[in-house]
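Thanks for coming, everyone; I would like to walk you slowly through one structure today, going from the overall layout to a few single residues. Please keep the view open in front of you while I talk.

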Amino acid sequence: MAAGIRQKQTGRRRSRRSGHAAMSEINVTPFVDVMLVLLIVFMVSAPLITVGVPVELPDTSAEALPSDSDEEPLSVTLTEDGRVLIQTTEVAMDELITRLQAIAAERTSRQIFLRADGAIPYDAVMQVMGALNAGGFREIGLVTDAGGPRLDAGLE
């Protein structure tokens, strides 16, 4: 009786893909690519995001008002053609105060930024400021362009 000699298999079993071990590192290249694209998108779109309606603000050399709250500032805009807007929503002048009071009830800050086109008469701006003051809004900031001193503008 002749017995066959059986060889012992030593080591691991070989798989079909011998020599290729599982990769245990995270590939960050796609992540970095996506983050760079998002960064570029935000850098390009950030200057395009403006609050309110485009108006020709008067130029002054005044410094910016400090913002005390984390909320987006509430702005009232007066356009050249006489429209009144809260943020970007047009409202009638007689509804302005009631709308602002309803909005201010849900906010922590009662500060309002008044944006007025430079072509609007001073009287119209003061009428709106008086209405805001009578409605209980005491923190009114006038928004202007920081284009530098124009002391001689309109004083001929």
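The protein contains three helices and five strands, and if you read along the sequence these elements follow the pattern α-β-β-β-α-β-α-β. Please bear in mind throughout that this is a predicted model, and that the values I quote are computed from it.

A few totals will help with orientation before we go into detail. Of the 156 residues in the protein, 22% are buried, and the accessible surface comes to about 12700 Å², with 56% of that surface belonging to carbon and sulfur atoms. If we take the contacts between residues at least 6 apart in sequence, 71% of them join residues at least 24 apart.

Let me turn to helix 2, which runs over residues 96–104. Which residues of helix 2 are buried? They are Leu 96, Ile 97, Leu 100 and Ala 104, and when you look down the axis of helix 2 these buried residues fall within an arc of 90 degrees, so they line one face of the helix. The general background is that an α-helix has 3.6 residues a turn, so residues three or four places apart point the same way. As for what lies over that buried face, the cover includes strand 1, strand 2, strand 3, strand 4 and helix 3.

Two residues of helix 2 make a useful contrast. Leu 100 lies in this helix and is buried, with a relative accessible area of 0%. Leaving aside its neighbours within four places in sequence, Leu 100 is in contact with Leu 74, Val 76, Ile 86, Ile 112, Leu 132 and Phe 137. Its C-alpha atom is also 10.0 Å from that of Gly 136, a residue 36 places away along the chain. Thr 98, by comparison, lies in helix 2 as well, but Thr 98 is exposed, because its relative accessible area is 52% and the cut-off for exposed is over 50%. The C-alpha atoms of Thr 98 and Gly 135 are separated by 8.2 Å, although the two residues are 37 apart along the chain.

Now for helix 3, which covers residues 122–134. With 13 residues at 1.5 Å a residue, helix 3 should span 18 Å, and its end C-alpha atoms are indeed 18 Å apart, which agrees. Here Val 125, Val 128 and Leu 132 are buried, and seen down the axis of helix 3 its buried residues fall within an arc of 65 degrees, so they too line one face of their helix. The face turned away from that buried side carries the exposed residues Tyr 122, Asp 123 and Ala 134. What covers the buried residues of helix 3 includes strand 1, helix 2, strand 4 and strand 5. After helix 3 comes Gly 136, which has a positive phi near 100 degrees.

There is another positive phi to point out, and this one belongs to a residue other than glycine: Gln 87, where phi is near 55 degrees. Where does Gln 87 sit? You will find Gln 87 in the loop between strand 2 and strand 3.

Moving on to strand 5, the residue I would pick out there is Leu 142. Is Leu 142 buried or exposed? Leu 142 is exposed, with a relative accessible area of 51%. Even so, if we set aside its neighbours within four places in sequence, Leu 142 is in contact with Leu 114 and Met 129. Between the C-alpha atoms of Leu 142 and Met 129 the separation is 9.6 Å, and these two residues are 13 apart along the chain.

Finally, a word about the aromatic rings. How many aromatic pairs does the structure hold? The number is zero. There is, however, a charge over a ring, in that the charged end of Arg 110 sits over the ring of Phe 137, 4.4 Å from the centre of that ring. Phe 137 came up earlier, as one of the residues in contact with Leu 100.

Technical notes:
Residues are numbered from 1 along each chain as its sequence is written. This is a predicted model: local features need pLDDT of at least 70, side-chain atom pairs count only at pLDDT 80 or more; totals for chains, interfaces and linings use all residues. Side-chain values use heavy atoms; hydrogens and water are left out. Helices (H or I, at least four residues) and strands (E, at least two) are DSSP runs, numbered from the N terminus. The expected span of a helix is 1.5 Å times one less than its number of residues. Buried means under 20% relative accessible area, exposed over 50%, partly exposed in between (1.4 Å probe, protein chains only). The arc is that of the directions from the helix axis to the C-beta atoms. Contact means heavy atoms within 4.5 Å. Rings of Phe, Tyr and Trp (its six-membered ring) pair if their centres lie within 6.5 Å; planes under 30 degrees apart count as stacked, over 60 as edge-to-face and the rest as tilted. A charge sits over a ring if NZ of Lys or CZ of Arg is within 6 Å of the ring centre and within 35 degrees of the ring normal. Accessible areas come from the Shrake-Rupley method with a 1.4 Å probe; for residues, only the protein chains shown count as cover.
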